[in-house]
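Here are a few exercises to help you find your way around a new structure. Try each task yourself, then follow the solution step by step.

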Amino acid sequence: MNLKKQKNHKRRFYIMRNEKTIKESLFGKTEKIKATGNHIPDKNLLRQPSFEREDSVIYVFCVGCGTLGEVNAISAEKLSNRATDTDAPSVSPDSFEGKYFESGACENCDSEEQYIILKDID
Ligand SMILES: [Zn+2]
């Protein structure tokens, strides 16, 4: 194996580990609250964010249980790469303005709707 191939191998492993970390944080395996589904976010809060953490850039709303989470720019970029409805491979923090992530499940609930979408706040 030449050096270039070794490098690619390491890179691939890194990506896979990241995917696993993201999946576990979003859809943790432990039994949590019962997901009833069809929750709707408070659009007024989404429009005027009051993030708990200084580095948060966007909300993540779980339709499964109604949990509203927030993520920083690094996590948001990872989520946008996982999002099923966007063809933009990478998104800058500026482009999160007026948007939020909708997820079918989260670490707090037992929903099996494992999807994530970057949505406009209408
Ligand atoms: Zn949830």
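**Exercise 1: the sheet**

5 bridges join β3 to β4, and these two strands run antiparallel. One pair to look for is Y100, which stands opposite K119 in β4. Keep in mind that you're looking at a predicted model.

Task: Starting from that pair of strands, work out the order of the strands in the sheet.

Solution:
- Step 1. Take β1 and β3: they pair in the parallel sense, over 3 bridges. Here F61 has E102 of β3 as its bridge partner.
- Step 2. Go on to β1 and β2, which pair in the antiparallel sense over 5 bridges.
- Step 3. Put it together: the 4 strands make an open sheet in the order β2-β1-β3-β4, with mixed pairing. The edge strands, pairing on one side only, are β2 (68–72) and β4. From one strand to the next, the twist averages 35 degrees.
- Step 4. Add the helix: α3 packs on the sheet and touches β1, β2, β3 and β4. Its direction makes about 105 degrees with that of β2.

**Exercise 2: the chain from end to end**

Task: Which elements do you meet as you walk along the protein chain from the N terminus?

Solution:
- Step 1. Count them: there are 3 helices and 4 strands.
- Step 2. Put them in sequence, and you get α-α-β-β-α-β-β.
- Step 3. Stop at the hairpin that β1 and β2 form, with 5 residues between them. In its turn, G66 has a positive phi of about 85 degrees.
- Step 4. Check how far apart the contacting residues are in the chain. Of the contacts with a separation of 6 or more, 59% are between residues 24 or more positions apart.

**Exercise 3: V60 and its surroundings**

Task: What is V60 in contact with, leaving aside its neighbours within four places in sequence?

Solution:
- Step 1. Look at the bridges on either strand: V60 has G69 as its bridge partner in β2, and F101 as its bridge partner in β3.
- Step 2. Now list the contacts beyond the sequence neighbours: G69, E70, V71, L79, F101 and S103.
- Step 3. Move to the largest nonpolar core, which has 18 residues. V60 is one of those that touch the most other members, along with I58, F61, C62, L79 and F101.
- Step 4. See where the core comes from: β1 (56–62), α3 (73–82), β3 (99–103) and β4 (116–120) each give two or more residues to it. β1 gives the most, with 5 residues.
- Step 5. Compare that with burial. In β1, 5 of its 7 residues are buried, while buried residues make up 23% of the 122 residues in the protein chain.

**Exercise 4: a loop residue**

Task: Is N38 buried or exposed?

Solution:
- Step 1. Find N38 in the loop between α1 (3–26) and α2 (43–47).
- Step 2. Count its C-beta neighbours inside 10 Å: there are 8.
- Step 3. Apply the cut-off: a residue with 12 or fewer is exposed. N38 has 8, so N38 counts as exposed.
- Step 4. Check the backbone too. Most residues other than glycine have a negative phi. N38 has a positive value, near 60 degrees, and isn't a glycine.

Definitions and conventions
Residues are numbered from 1 along each chain as its sequence is written. This is a predicted model: local features need pLDDT of at least 70, side-chain atom pairs count only at pLDDT 80 or more; totals for chains, interfaces and linings use all residues. A nonpolar core is a set of buried Ala, Val, Leu, Ile, Met, Phe, Trp, Tyr and Cys residues joined through C-beta atoms within 7 Å. A residue is buried if 20 or more other C-beta atoms lie within 10 Å of its own, exposed if 12 or fewer, and partly exposed in between; C-beta atoms are placed from the backbone. Two residues are in contact if their C-beta atoms, placed from the backbone, lie within 7 Å. Two strands pair if DSSP finds at least two bridges between them. Axes are lines fitted to C-alpha atoms, for helices over the stretch in contact, and angles run from 0 to 180 degrees between N-to-C directions.
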